[in-house]
Amino acid sequence: EVGAEHETFYPSPPACLDALIAMLTALRERNGNRVHPQLALREANLRRHWLFKLTDDLKAGHPLPTDQDPYSLFTEGRELIQDAEAAAEASPVGPGFTRVRSQLLNELACLYGSAQMFSNEFMTRCTDPADRAKWQNDLERSYPEAMDACRRATIDPHNAHPADVRFWVSRDRYTLRREYLSEEQKADLIAEMCDALAEETWVLQPEKFLRRQHELGKLRGDERMSEEALKALHATGSHTGHYLVACERVYDSKHQYRDADSLRKALSYLEGEPKALDDLRVLRLYQNVWWRVHGDVGLFDKDRERVRVKLTAKQWQRLTDLLLRRLKFPEEAGNARARFLLAWALFQCGKFQESIDLFKELEQMPRTGREGTIRRAVWCDNQGRPVPCQGTIRQFFQNADRGWVFVPAIDKRVPFLVDGFKTQELRLNGPLQDFHIAFNFGGPIADPVRFYKDKDA
């Protein structure tokens, strides 16, 4: 069994790893080097774990096998994944292919991480300058490629691993190469780890998130940036310095959020830097903190339903602008939660058709379990109260489980579930009364008022 998320070594790597790699390579060559995405994923994964084994051997003082070229394991595996990802991208669009592409991109970053660890052990023992330069140059070139792969792997919003891989690969680069890195490079790695922990998918692995928070808190405590280093970053036009200054105001030494007053000061600081929000890391931090201060940070918590927030029309528009700006970045293409929040914000701004169109896009994205049916949020007024609605049934069939109601307040039709309105006489062109409009990942839905009695008590 193989997986594309782990940084740790197998306690006892199977002795047949190299044979399995050779078998899959031969199979591919017999088929004219045509790449099958699923088989490529497994071959690349095996190459990575073989690099893990070779790293363990080096640490234990064992010689490398004479018939193995670790450099080829890395470079050929990298090319294989890139070809497979291109093949998956060209395949018919669907959640299955999206998931495979996400796994392949994640594996690309993992492969880099394994090569990084091997090369660190190898270069401490290698006496050939040419071999040392070969590894060092290729890894330097591959690091930004690995980070880009992690970001692009978020096309599947239910793949929780890219954020973690992005974190540990950056962490390992920081710890393994620390003495060779400039102050600016170290700052960028700390920023990369901070930004990785801002990914929404951590809700799927909360225990690991807490461990990573602890690791980052320790690193940040060991590496406080000097004023000179910050000035040097600003001078280059990089926004990494602004990002790290804001992080200091947002997070404490354990990488936990500070109090609301500190968060507001962080927002004010970033608002005072005219072009800082052109950087995705800064924009993501700003928007997340803004929502934490003004909105409801628990919107996507497992047991939350029918969330509403007290925002003015101006604040809803501000949130809309931030999310539109954020989702223009290709790295955010798979961010289903940001898209849901934007669709809700558009509805709150009165842009009902734009909201419904965005919900239709969301409905096509991969999702698991009952996430798509949970009524996460509610159309509410600027005091956070659900807007009362009534309408006319425009589509309804006897014995059907759902129908459609025209709602004059939004001049649109929305679906309703028949079971929720059994106390009313349901008939075509008849009234549907006493409901609010809630939102799940499929879009707006008429929601009976009785579900709100306890909340409004």
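## Aromatic pairs

How many aromatic pairs does a search of the whole structure find? In this predicted model, the search turns up 17 aromatic pairs. Take Trp291 and Trp344: their ring centres sit 6.1 Å apart with the planes at 80°, so this pair counts as edge-to-face. The two partners come from distant parts of the chain, with Trp291 in helix α12 and Trp344 in helix α14 (residues 336-348), 53 residues apart. Trp291 is buried at 7% relative accessible area, and Trp344 is buried at 0%.

Helix α14 also supplies Phe347, which pairs with Phe439 of strand β5 (residues 431-440), so parts 92 residues apart in sequence get tied together. Here the ring centres are 4.9 Å apart and the planes meet at 70°, so it's another edge-to-face case. Phe347 and Phe439 are both buried. They also belong to one aromatic cluster, whose members are Phe300, Phe340, Phe347, Phe352, Phe359, Trp379, Phe439 and Phe441.

## Helix α12

Back to the helix that carries Trp291. Helix α12 covers residues 280-294, and at 1.5 Å a residue its 15 residues should span 21 Å; the end C-alpha atoms are indeed 21 Å apart. Of those 15 residues, 13 are buried, so the rest of the structure largely encloses α12.

At the N-terminal end, Asp279 acts as the cap, placing a side-chain oxygen 3.0 Å from the backbone nitrogen of Arg281.

## Charges over rings

Arg281 turns up again here, lying over the face of Tyr243 at 5.8 Å from the ring centre. Arg249 does a similar thing with Tyr269: its charged end sits over that ring, 4.7 Å from the centre.

## Cysteines without disulfides

Now for the sulfurs: the disulfide count is zero. Why does Cys247 not bond to Cys194? Cys194 holds the closest cysteine sulfur, but at 4.1 Å from the sulfur of Cys247 it is too far for a bond, because a disulfide needs the two sulfurs within 2.5 Å. Cys247 counts as buried, at 1% relative accessibility.

Cys150 tells a similar story: its closest cysteine sulfur, in Cys110, is 7.1 Å away, again too far for a bond. Cys150 is buried too, at 2% relative accessibility.

## A β hairpin

Strands β3 (residues 402-407) and β4 (residues 412-417) pair up antiparallel, with six bridges between them. Across that pairing, Phe406 faces Arg413 in β4. Four residues lie between the strands of this hairpin, and Asp411 adopts a positive phi near 55°.

Notes:
Residues are numbered from 1 along each chain as its sequence is written. Side-chain values use heavy atoms; hydrogens and water are left out. Buried means under 20% relative accessible area, exposed over 50%, partly exposed in between (1.4 Å probe, protein chains only). Two strands pair if DSSP finds at least two bridges between them. Helices (H or I, at least four residues) and strands (E, at least two) are DSSP runs, numbered from the N terminus. The expected span of a helix is 1.5 Å times one less than its number of residues. A polar contact is a pair of N or O atoms within 3.5 Å; within protein, one must be able to donate a hydrogen and the other to accept it, and residues adjacent in sequence count only if both atoms are side-chain atoms. Rings of Phe, Tyr and Trp (its six-membered ring) pair if their centres lie within 6.5 Å; planes under 30 degrees apart count as stacked, over 60 as edge-to-face and the rest as tilted. A charge sits over a ring if NZ of Lys or CZ of Arg is within 6 Å of the ring centre and within 35 degrees of the ring normal.
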